[in-house]
Amino acid sequence: MTQIIWKKCQPGGTCKSRYKARRREKLASENQDKRLKKAIAVALSGCNARVWKALQE
């Protein structure tokens with residue numbers, strides 16, 4: 001009796017394009033986290049974004 005083993009297909013695209021997609025998702029996630037941290041810090045400090053930016057530089 002023959003046994004057939006099905007393998008999952010690789011996602012479409014080349015290795016490089018899949019890498020770029022993963023990298024783009026990672027950077028988007030990191031940027032979203034940075035924006036959230038900044039928004040929380042501005043809200044807790046009670047000053048506006050311009051003042052906060054000036055203090056950070």
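## Figure legends: views of a predicted chain

The accessible surface of the chain comes to about 6000 Å², and carbon and sulfur atoms account for 57% of that area. The model shown in every view is predicted.

**View A. The whole chain, with two helices and zero strands.** The radius of gyration of the chain is 22 Å, whereas the globule rule gives 10 Å for 57 residues; the chain is therefore more spread out than a compact globule. Along the principal axes, the C-alpha atoms fill a box of roughly 75 × 25 × 10 Å. Of the 57 residues, 2% count as buried, where buried means under 20% relative accessible area.

**View B. Charged side chains of the chain.** The chain carries 15 positive side chains and 4 negative ones. The centres of these two sets lie 8 Å apart.

**View C. Gln 3, in the segment before helix H1.** Helix H1 covers residues 15-45, and Gln 3 precedes this helix. Is Gln 3 buried or exposed? Gln 3 counts as exposed because its relative accessibility is 70%, and the cut-off for exposed is over 50%. Between Gln 3 and Leu 55 there is a sequence separation of 52 residues. In space, their C-alpha atoms are 67 Å apart.

**View D. Lys 8 and Gln 10, two residues of the segment before H1.** Lys 8 has a relative accessibility of 83% and so counts as exposed. Measuring along the chain, Lys 8 and Ala 28 are 20 residues apart, and 28 Å separates their C-alpha atoms. Gln 10 also counts as exposed, because its relative accessibility is 61%. From Gln 10 to Gln 56 the separation is 46 residues along the chain and 45 Å between C-alpha atoms.

**View E. A nonpolar surface patch made by Leu 36, Ile 40 and Leu 44.** The area of this patch is about 340 Å². Leu 44, one of the residues that make the patch, has its place in helix H1. Is Leu 44 buried or exposed? With a relative accessible area of 72%, Leu 44 is exposed, since exposed means over 50%.

**View F. Gln 56, in helix H2.** Helix H2 consists of residues 49-56, and Gln 56 has its place there. Gln 56 counts as exposed because its relative accessibility is 53%. How far apart in space are Gln 56 and Leu 36? Their C-alpha atoms are 16 Å apart, and the two residues are 20 residues apart in sequence. Leu 36 also belongs to the nonpolar surface patch, together with Ile 40 and Leu 44.

Definitions and conventions. Residues are numbered from 1 along each chain as its sequence is written. This is a predicted model: local features need pLDDT of at least 70, side-chain atom pairs count only at pLDDT 80 or more; totals for chains, interfaces and linings use all residues. Side-chain values use heavy atoms; hydrogens and water are left out. Helices (H or I, at least four residues) and strands (E, at least two) are DSSP runs, numbered from the N terminus. Buried means under 20% relative accessible area, exposed over 50%, partly exposed in between (1.4 Å probe, protein chains only). Patches are made of residues with over 30% relative accessible area and no salt bridge: like charges are joined within 9 Å, nonpolar side chains (Val, Leu, Ile, Met, Phe, Trp, Tyr) within 5 Å. Accessible areas come from the Shrake-Rupley method with a 1.4 Å probe; for residues, only the protein chains shown count as cover. A salt bridge is a side-chain nitrogen of Lys or Arg within 4 Å of a carboxyl oxygen of Asp or Glu. The radius of gyration is taken over C-alpha atoms; the globule rule is 2.2 Å times the number of residues to the power 0.38. Lys and Arg count as positive and Asp and Glu as negative; His and the chain ends are not counted. The place of a charge is taken as NZ of Lys, CZ of Arg, CG of Asp or CD of Glu.
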